[in-house]
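Here are some short exercises to work through with the model open beside you. Try each task before you read its solution.

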Amino acid sequence: MIKEIVKDEEFLSKPAEPATAEDAEVAQDLLDTMASLDDCACLAANQIGSTKAIIAFQSTNGPAVMFNPKIVAFMAPYKATEGCLSLENVSEVKRFQLIRVKFDALVDGKLVSRTRKYHNWVAECVQHGVDHCAGKLV
């Protein structure tokens, strides 16, 4: 279901709760909402009103979802200027060109632990989403 984008900074500043397999509907809502928006590269669950640690993003293979994402390694820092659908202004933020992320994927109705490497634009999108899960506003 397509959801409205949350702009309440107090709500967005709260760290997310761990997601479970029962939160699959939130993941689908993220994908539906992201698909309905022009130029949307990443959405976190708090941006659509959920308190769960779930992000959706555009990967090189199309839309992807991560439950409980955590960046476990990073290399090659740079400064990026980012916008956010939940915020009015753009911000300058430190990002990394290469990251490794540990997360859960929903497979046959169960969460399965995965680790993946991302680089460049996709890495930046994932970092933005992980920041949202931590309650960080860019």
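**Exercise 1.** In this predicted model, decide whether Asp131 and Arg95 are buried or exposed, then work out how the two are linked.

*Solution.* Start with accessibility: Asp131 and Arg95 are both buried. Next, look at their side chains, which form a salt bridge at 3.7 Å or less, namely 2.8 Å from N to O. Finally, place the partners: Asp131 belongs to helix α3 and Arg95 to strand β4, so this pair ties together parts 36 residues apart in sequence.

**Exercise 2.** Find the salt bridge between Arg95 and Glu82, and place both partners.

*Solution.* The side chains of Arg95 and Glu82 meet at 2.8 Å, N to O. Glu82 sits in strand β3 and Arg95 in strand β4, 13 residues apart. Glu82 is buried, as is Arg95.

**Exercise 3.** Which loops does the salt bridge between Lys52 and Glu17 link?

*Solution.* First the pair: the side chains of Lys52 and Glu17 form a salt bridge of 3.7 Å, N to O. Lys52 is in the loop between β1 and β2, while Glu17 is in the loop between α1 (9–12) and α2 (24–36), 35 residues away. Glu17 counts as partly exposed because its relative accessibility is 39%, which falls between the 20% and 50% limits.

**Exercise 4.** Which element gives the largest share of the largest nonpolar core?

*Solution.* This core has 20 residues, and Val126 is among those with the most contacts inside it. Its contributors of two or more residues include β2 (54–59), β4 (91–107) and α3 (120–133). The largest share, six residues, comes from α3.

How values were computed. Residues numbered from 1 in each chain as written. Predicted model: local features only at pLDDT ≥ 70, side-chain atom pairs only at ≥ 80, totals over all residues. Heavy atoms only, no water. Core = buried A, V, L, I, M, F, W, Y, C linked by side-chain atoms within 4.5 Å. Buried < 20%, exposed > 50% of the residue type's maximum accessible area, 1.4 Å probe, protein only. Helix = DSSP H or I, 4+ residues; strand = E, 2+ residues; numbered from the N terminus. Salt bridge = Lys/Arg side-chain N within 4 Å of Asp/Glu carboxyl O.
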